[in-house]
Amino acid sequence: MKVISGKTERRLRNVLIALTIVCLTPLCERGRILNGAHTANVFAGEEITCVIDLGDEMYTKHGLETGMSYELVSRFAKDNMCNVNIRTSVKGENYIDSLMNGSVDIVITHAHDLGQEADSIRLSRMLNSCSAWAVSRDSEAELRQINLWISHMTESPEYSMIERRYSPYCNPIRKAEKGITTRTISPYDDMLKKFSAELGWDWRMLAAVVYQESRFSINSRSHRGAQGLMQVMPSTAEYYGIDDLLNPEKNLKAGTKHLKRLQRMFEDSGMEQTEIIKFTLAAYNAGEGRIADCRRFAESRNVDSNSWDEIVNLIPLMREDSILEEESVKLGKFKGHETIAYVENIMDLYDAICTICPSI
């Protein structure tokens, strides 16, 4: 057996120490960048404004880009020890001008949509196949730090997990028809489970509501001004003391608070749980006053006001001019087509989601 001399042993030990330092240094550098402790952190302590300008994504083939960008920008701010105000684009506003005049610090956009405007800004390395972060021409240090962060983030296992969560989500009914099963319904499943528990609902029912409202797109807006995952009106959010409807968690909180308040209207009526949910959904869509009208009208006709199907059968009469003479109806004629379809669609979506995601 050959014996290693003390001198040789010391040399081997020194080589191992040197190799360890070489291997660990990049990891330490990555940790410093991701944790905001890099020595050239130009963002630390700053208030920055970021606009996500990726267009309508409800039916896009690229997936839920705005939601993913929102999560990444929030993570960037945390890692770089700064505060960020995140907004989505408003039609007709030029955010390249906003970058140039300093009212916006970062614009997340599709690089191929910029055209000649690209000459007046600086673009980060691509985050995926189509989007990048834009800064003003004179923001060289900021761009360098953004590129470093994007470089390390996109090469991390965490990024792959985030990217998978925001991949395109096809219609659950189509998935059910194809026999596809899955463990996840949306990028926001953990939040859905949290807030559905406050309602006493199966989380998959709340998932069906959110899919119906927004297809899980945080930047969805209706022509009436409803916003976000649950299409919450700003006035409704204000009533519950909630701001920033772009924020997924705050939007879900506002929406479920409203659902919970509406649900209480029907809990003492003797309805079965499924009927309570249907009436709650109808009130969420049409407003509590309209559904109260429907139920009072049903009672005046000796129709079961605790059965949504019976209400549906009665609604055609509420479209007639004669309904204006009914004392039980306070808000006038009610077409009801949208509300009937809304409740039916959500119940169908719920059945499909239970099929493709059978375990709770």
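Let me start with a definition: buried means under 20% relative accessible area, exposed means over 50%, and partly exposed is anything in between, with a 1.4 Å probe and protein chains only. Cys-170, with a relative accessible area of 39%, is partly exposed by that rule.

Okay, ground rules. This is a predicted model, so local features need pLDDT of at least 70, side-chain atom pairs count only at pLDDT 80 or more, and totals for chains, interfaces and linings use all residues. Residues are numbered from 1 along each chain as its sequence is written, and side-chain values use heavy atoms, with hydrogens and water left out.

Back to the cysteines. Cys-50 counts as buried, at 0% relative accessibility. How many disulfides are there by the rule? A disulfide here is a pair of cysteine sulfur atoms within 2.5 Å, and the count comes to zero.

Now, salt bridges. The rule asks for a side-chain nitrogen of Lys or Arg within 4 Å of a carboxyl oxygen of Asp or Glu. With that, the structure holds twelve salt bridges. I'll walk you through a few.

One of them joins Glu-158 and Arg-75, whose side chains meet at 2.3 Å, N to O. This pair links distant parts of the chain, 83 residues apart: Glu-158 is in helix α5 (residues 157-165) and Arg-75 is in helix α2 (residues 65-79). For the labels, helices (H or I, at least four residues) and strands (E, at least two) are DSSP runs, numbered from the N terminus. Glu-158 is partly exposed, at a relative accessible area of 30%, and Arg-75 is partly exposed too, at 23%. There's a third partner here: Asp-79 is linked with Arg-75 and Glu-158 in a network of salt bridges.

Next pair: Glu-249 forms a salt bridge with Lys-194, and their closest N and O atoms are 2.8 Å apart. Glu-249 lies in helix α10 and Lys-194 in helix α7 (residues 189-199), so this bridge ties together parts that are 55 residues apart in sequence. Glu-249 has 33% relative accessibility, so it counts as partly exposed. Lys-194 is also partly exposed, with a relative accessible area of 44%.

Then we have Asp-321 and Lys-333, whose side chains meet in a salt bridge at 2.8 Å, N to O. Both sit in the loop between α13 (308-314) and α14 (337-356), twelve residues apart. Is Asp-321 buried or exposed? Its relative accessible area is 52%, so Asp-321 is exposed. Lys-333 is at 38%, so that one is partly exposed.

Let's go back to helix α10, for the charges on the surface. Which residues form the positive surface patch? Lys-253, Lys-257, Lys-260 and Arg-264 do. A patch takes residues with over 30% relative accessible area and no salt bridge, joining like charges within 9 Å and nonpolar side chains (Val, Leu, Ile, Met, Phe, Trp, Tyr) within 5 Å. Lys and Arg count as positive and Asp and Glu as negative, while His and the chain ends are not counted. Each charge is placed at NZ of Lys, CZ of Arg, CG of Asp or CD of Glu. The areas themselves are Shrake-Rupley with a 1.4 Å probe, and for residues only the protein chains shown count as cover.

Take Lys-260 from that patch: it is found in helix α10 (residues 248-264). Lys-260 counts as partly exposed, at 36% relative accessibility. The C-alpha atoms of Lys-260 and Glu-198 are separated by 8.0 Å, with their positions 62 residues apart along the chain.

Last topic, backbone angles. Most residues other than glycine have a negative phi. Phe-216 is not a glycine, yet its phi is positive, about 70 degrees. You'll find Phe-216 in the loop between α8 (203-214) and α9, and at 2% relative accessibility it counts as buried.

Asp-244 is another non-glycine with a positive phi, about 55 degrees. Asp-244 has its place in the loop between α9 (234-239) and α10, and at 34% relative accessibility it counts as partly exposed. Across the sequence, Asp-244 and Arg-87 are 157 residues apart along the chain, and their C-alpha atoms are separated by 9.1 Å.

That's what I had, thanks.
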